[in-house]
Amino acid sequence: MKSQRRRESDHFLVDAVVTDLNEVPLRFQELYSHRRANRNDRAGWWEMDRVRGMKTDKDVTRLTSALEKERGDHRVTKERLAAAIDLKGDRVGRSVLGRLLENLKLLEELLSGAVELPEATANVLRFQVEQLRSIATDLEGED
């Protein structure tokens, strides 16, 4: 009965990048392309690049670097955005709250009868005033 274990010689590994193509079994050599660092580089290296879907260490490193940069940029943008919309006592937040309260007063004056408005318009403005009053109360409560 043959052993269920495979012999070590049944398995082999080929490197994705080699300096000497003769290190690669003959049947796989056609999967490699010669690369050079620059035109003056006579030796260069051989890189396996003719396998569909295969990624090299360089590909993974490039993607990892890009992902880390994107995450860092996202973190910075998120922090800047949070700082810009922070309404808890900063100058910008107080300015926004101040403008909101001023606009709320203007709308309330319009609704007081100083200007004659169609009923539909007045109803829309009343609804807007209620929403703005609720927002202003929430913002004032955060201070």
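Student: Which residues does Gln-29 touch, not counting residues up to four places away in sequence?

Tutor: In this predicted model, Gln-29 has its place in the loop between E1 and E2. Not counting residues up to four places away in sequence, the residues that Gln-29 touches are Leu-21, Asn-22 and Val-24.

Student: Does Gln-29 count as buried or exposed, and at what relative accessibility?

Tutor: Buried means under 20% relative accessible area. The relative accessibility of Gln-29 is 18%, and therefore this loop residue counts as buried.

Student: What is the order of the strands in the open sheet?

Tutor: The sheet is open, has three strands and shows antiparallel pairing. Strand E1 (17-18) and strand E2 (32-35) each have a single partner strand, so they stand at the edges, with one side of each left without a neighbour in the sheet. The order is E1-E3-E2.

Student: How many bridges join E2 to strand E3, and which residue in E3 stands opposite Arg-35?

Tutor: Strand E3 covers residues 45-48 and runs antiparallel to E2, and the number of bridges that join them is four. The residue in E3 that stands opposite Arg-35 is Trp-45.

Student: With which side chain does the side chain of Ser-33 make a polar contact?

Tutor: Ser-33 lies in strand E2, and because its relative accessibility is 9%, Ser-33 counts as buried. Leaving aside neighbours within four places in sequence, Ser-33 is in contact with several residues, among them Trp-45, Trp-46, Glu-47 and Asp-49. The polar contact, at 3.2 Å, joins the side chain of Ser-33 to the side chain of Arg-50.

Student: Which helix supplies the largest share of the largest nonpolar core?

Tutor: The largest nonpolar core has nine residues in all, including Leu-97, Leu-104, Val-129 and Ala-136. Helix H2 (91-114) and helix H3 (119-142) each supply at least two residues of this core. The largest share, five residues, comes from H3.

Student: Which residues does Leu-104 touch, not counting residues up to four places away in sequence?

Tutor: Leu-104 is one of the residues that make up the largest nonpolar core, as are Val-129 and Leu-132. Not counting residues up to four places away in sequence, Leu-104 touches Val-129, Leu-132 and Arg-133.

Student: How many residues does the second, separate core have?

Tutor: In soluble globular proteins, nonpolar side chains tend to be buried together. Here a second core, separate from the largest one, includes Val-18, Leu-21, Tyr-32 and Met-48, and its number of residues is five.

Terms used: Residues are numbered from 1 along each chain as its sequence is written. This is a predicted model: local features need pLDDT of at least 70, side-chain atom pairs count only at pLDDT 80 or more; totals for chains, interfaces and linings use all residues. Side-chain values use heavy atoms; hydrogens and water are left out. Two strands pair if DSSP finds at least two bridges between them. Buried means under 20% relative accessible area, exposed over 50%, partly exposed in between (1.4 Å probe, protein chains only). A polar contact is a pair of N or O atoms within 3.5 Å; within protein, one must be able to donate a hydrogen and the other to accept it, and residues adjacent in sequence count only if both atoms are side-chain atoms. Contact means heavy atoms within 4.5 Å. A nonpolar core is a set of buried Ala, Val, Leu, Ile, Met, Phe, Trp, Tyr and Cys residues joined through side-chain atoms within 4.5 Å.
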